[in-house]
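Here is a short tour of a protein chain for anyone who likes to know a fold before picking up a pipette. Have a look at the sequence and the structure, then read on.

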Amino acid sequence: MSLRFLLILLTGLALSACASTKATNPQDPWENTNRAIYRFNEGFDNYITRPVSTTYQTLTPDWLDVGFSNFFNNLGDLPNSLNNLLQAKPLQSLSDLGRVGINSTIGLGGLFDVATPVGLTRHNEDFGQTLAVWGVGSGNYLVLPLLGPSNVRDGIGWVGDFQTEPYYYVNDNTAYYSLFLLDAI
């Protein structure tokens, strides 16, 4: 089973599990499930995510960490551009697309952010925001496995975001998982 499929399955299970939970609190009708997922996330964070990220921070020089962050931000500007376009923000969409072009070439594959100093700022948009622009309500509060607090609209939007990440389409499993884990860290 691929990690891609597993992450989508976990999100779907979280959404479907919450649909059958009895409402005990009108502000959070899925409270029992949300609390269980929160406890799972806390344990995962304490025993896996935090030690891995602390080790990464200890072993990785700052200049390399900044380069990795710039690289993944550069990749993220493609979905930002798409979401801006879907939200009828063509100038922001072109700006984010311009960032990708400049940072991918002059910025050596995105390792350096050359676009910001020349006036092309990032426009962080996601598919949950796009759904909101289209009139989709937020829905109930929801805690997603490994992802944390959200709502139904943004949880569904996360699946759309995941599908538009450029490295999602890398066919080599070693390269895909390496990119995915490095981005997650």
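## What lines the largest pocket

The lining of the largest pocket is made up of 21 nonpolar, 12 polar and 9 charged residues. Keep in mind as you look around that this is a predicted model.

The largest pocket has a volume of about 1,100 Å³. Its lining counts 42 residues, and those closest to the pocket centre are L147, W158, F180, D183 and A184.

## Where the lining comes from

Which element gives the largest share of this lining? That is α2, with 8 residues.

Several elements supply at least two lining residues each. From the earlier part of the numbering these are α1 (3-19), α2 (31-59) and α3 (62-86), and they are joined by β2 (148-151), α6 (152-164) and α7 (173-184).

## The fold around it

Stepping back to the whole chain, you will find 7 helices and 2 strands. Along the sequence they run in the order α-α-α-α-α-β-β-α-α.

How much of the contact network links residues 24 or more positions apart? Such pairs account for 58% of the contacts in the chain with a separation of 6 or more.

## Inside and outside

The chain has 185 residues, and 35% of them are buried. On the outside, the accessible surface comes to about 10,600 Å². Carbon and sulfur atoms hold 64% of that surface.

Terms used:
Residues numbered from 1 in each chain as written. Predicted model: local features only at pLDDT ≥ 70, side-chain atom pairs only at ≥ 80, totals over all residues. Heavy atoms only, no water. Helix = DSSP H or I, 4+ residues; strand = E, 2+ residues; numbered from the N terminus. Buried < 20%, exposed > 50% of the residue type's maximum accessible area, 1.4 Å probe, protein only. Contact = heavy atoms within 4.5 Å. Areas by Shrake-Rupley, 256 points an atom, 1.4 Å probe, with all protein chains shown as cover. 1 Å grid on protein atoms, 1.4 Å probe; cavity = no way out; pocket = protein on both sides within 12 Å on 5 of 7 lines; lining within 4 Å. Points joined across faces, edges and corners; volume = space filled by probe spheres on them. Nonpolar A, V, L, I, M, F, W, Y, C, P; charged D, E, K, R; others polar.
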